[in-house]
Amino acid sequence: MSSSIRDILSRRIMLLDGAMGTMIQRYGLREEDFRGEEFSSHAIPLAGNNEMLALTRSDVLSAIHRAYLEAGSDIITTCTFNAQAISQAEYHTQHLVRRINLAATAVARAEADRMTALTPERPRFVAGSVGPTGKTASLSPDVDDPAFRAVDFDMLFEAYAYQIEALVDGGVDLLLVETAFDTLNVKAALAAAEQVFSCKGKRLPVMLSVTVADAAGRMLAGQTLEALLSSVGHVELLSVGLNCSFGAEQMFPLLKQLADAPYYVSAYPNAGIPDEEGHYDQTAERMAVSVRQFVEQGLVNIVGGCCGSTPDHIRAIAEVVQSQSVRKPSTKPTAWLAGLDGFTTDGAFINVGERCNVAGSRKFLRLISEKSYDEALSIARAQVRDGAMVLDINMDDAMLDARAEMVHFLNLMASDPEVARLPWMIDSSRFEVIEAALKAIQGKAIVN
């Protein structure tokens, strides 16, 4: 299946589907639709938990998938964006995660296979949607405790692995890790996928699509797109791209930042910018005109729509991408290291700040031992201002819990944009400290 998709991408632009959530809203479903008969006595409301519809109103999902396929989509995505334990826990339905993913995949699989049978010269594919969860591993939700995390790498890894295993067992053709806003969350999802592939003895293509928080192209957790490419460079990906965030017009300059990506590039923007009530009013024709820029300048390989888009939008985009030239993945090297920003050296000398090292600085050791973290963080900040290009962090001391102190201090460093901008060097003689540190870093670090 991977070779089939890659073969198609080498010849033409492929079409994703459009929005699922805003399409579901059009049906005006009520609480009883989300409950069905089986969950009629569920303790809390289920309305808004779209993933439950795979168990209670699969006919709605089938109709949406079919409409997108008939509009021209080559790839349809399962209704599993929030179908992992972290998100489902909000509805007390985490025990249904495997059932939801299997059912949602079966619905999409049936519609894709039906369309493939009608047009065997043009196979259709099912992408397992893996959303970001509503929590970030790189930022604290508590302004009074910047080192606190509502979720960590291991929690995300476990939730993602369970979801991805069900998607693979259900028969998806590829995975779509989408709407990512924190690269550390992404790393957990990609690591989980690798484990599932290893256990199942088969590998599926993986698409990664991120959402940015501002016009400059930074994700919510702070990374630039250049830093993202560096941070996920260890993983075999089919594509990297952008979705949600903005309409097509605003996405255009951001896609230029991915021009040198060593992968295929995807783009599925919103149907314009939502108004105060959350309505997207960009017409299919206007959106297609904007998407035309993507394809005419050779910036994309896969296009579709996100929030507010409909089968009409996909149909209009399908007409735009016909007979367009194919973008080839770049062979240019990505950034070598990354903090919030990408880092390249061009062979230059690298000045490493060594003062956040309990073995080399008695002052830093004293501050960590006394839990004077604010002052300890000021040492890191001073090194950046004095010209350090990389920051070394070492907590190996017999009187310290090196693993706990390392993770705590790294979380504090991540809260300071000036310090987090640079790549870090994890310095330890203990593998468990290094492993814990790497699970706390969204960028690409050096291990010392």
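**Exercise 1. In which sense, left-handed or right-handed, does H5 pass H13 in their crossing?**

Solution. The structure is a predicted model, and the reasoning starts from the two helices themselves.

Step 1. Helix H5 spans residues 58–71 and helix H13 spans residues 311–321; their axes come within 8 Å and cross at roughly 20°.

Step 2. Angles under 35 degrees count as roughly parallel, so H5 is roughly parallel to H13.

Step 3. H5 passes H13 in a right-handed crossing.

Step 4. On the H5 side the contact involves Ala67, Tyr68, Glu70 and Ala71, which meet Pro311, Ile314, Arg315 and Ala318 of H13. By class, this contact of H5 with H13 has six nonpolar, no polar and two charged residues.

**Exercise 2. Describe how H12 packs against H13.**

Solution. Step 1. Helix H12 covers residues 284–296, and its axis lies 8 Å from that of H13 at an angle of about 35°.

Step 2. The crossing in which H12 passes H13 is right-handed.

Step 3. H12 contributes Ala284, Met287, Ala288, Val291, Arg292 and Val295 to the contact, while H13 contributes Asp312, His313, Ala316, Ile317, Val320 and Val321.

Step 4. Sorted by class, the contact of H12 with H13 has nine nonpolar, one polar and two charged residues.

**Exercise 3. Characterise the packing of H8 on H9 and on the neighbouring strands.**

Solution. Step 1. The axes of H8 and helix H9 (residues 183–200) come within 8 Å and cross at roughly 45°. H8 is therefore oblique to H9.

Step 2. The crossing of H8 and H9 is right-handed.

Step 3. Residues of H8 in the contact include Phe153, Phe157 and Ile164, and those of H9 include Leu184, Val196 and Phe197. The contact of H8 with H9 divides into 15 nonpolar, two polar and four charged residues.

Step 4. H8 (residues 153–170) also lies across strand E3 (125–130) and strand E4 (174–180), running at about 165° to E3.

**Exercise 4. What is the strand order of the eight-stranded open sheet, and why is one side of E1 and of E2 left without a neighbour in the sheet?**

Solution. Step 1. The order of the eight strands is E1-E8-E7-E6-E5-E4-E3-E2, with parallel pairing.

Step 2. Strand E1 (14–15) and strand E2 (75–77) stand at the edges; each has a single partner strand, so one side of each lacks a neighbour in the sheet.

Step 3. Within this order, strand E6 (residues 239–247) and strand E7 (residues 264–270) pair in the parallel sense over seven bridges. One of the residue pairs is Ser239 with its bridge partner Tyr264 in E7.

**Exercise 5. Analyse the four-stranded open sheet and the helix that packs on it.**

Solution. Step 1. The strand order is E11-E12-E13-E14, and the pairing is parallel.

Step 2. The edges are held by strand E11 (352–357) and strand E14 (446–447), each with a single partner strand, so one side of each has no neighbour in the sheet.

Step 3. Strand E12 (residues 390–394) runs parallel to strand E13 (residues 424–427), and four bridges join the two. Asn394 has Asp427 in E13 as its bridge partner.

Step 4. Helix H15 (residues 373–385) packs on this sheet and touches E11 and E12; its direction makes about 170° with that of E11.

**Exercise 6. Assess the overall dimensions of the protein chain.**

Solution. Step 1. The protein chain has 18 helices and 14 strands.

Step 2. Its radius of gyration is 23 Å, close to the 22 Å that the globule rule gives for 448 residues, so the chain is as compact as a globular protein of that length.

Step 3. Taken along the principal axes, the C-alpha atoms fill a box of roughly 70 × 55 × 50 Å.

Definitions and conventions
Residues are numbered from 1 along each chain as its sequence is written. This is a predicted model: local features need pLDDT of at least 70, side-chain atom pairs count only at pLDDT 80 or more; totals for chains, interfaces and linings use all residues. Side-chain values use heavy atoms; hydrogens and water are left out. Axes are lines fitted to C-alpha atoms, for helices over the stretch in contact, and angles run from 0 to 180 degrees between N-to-C directions. Angles under 35 degrees count as roughly parallel, over 145 as roughly antiparallel, 65 to 115 as roughly perpendicular and the rest as oblique. A crossing is left-handed if the near helix is turned anticlockwise from the far one by less than a right angle, and right-handed if clockwise. Contact means heavy atoms within 4.5 Å. Ala, Val, Leu, Ile, Met, Phe, Trp, Tyr, Cys and Pro count as nonpolar, Asp, Glu, Lys and Arg as charged, and the others, Gly among them, as polar. Two strands pair if DSSP finds at least two bridges between them. The radius of gyration is taken over C-alpha atoms; the globule rule is 2.2 Å times the number of residues to the power 0.38.
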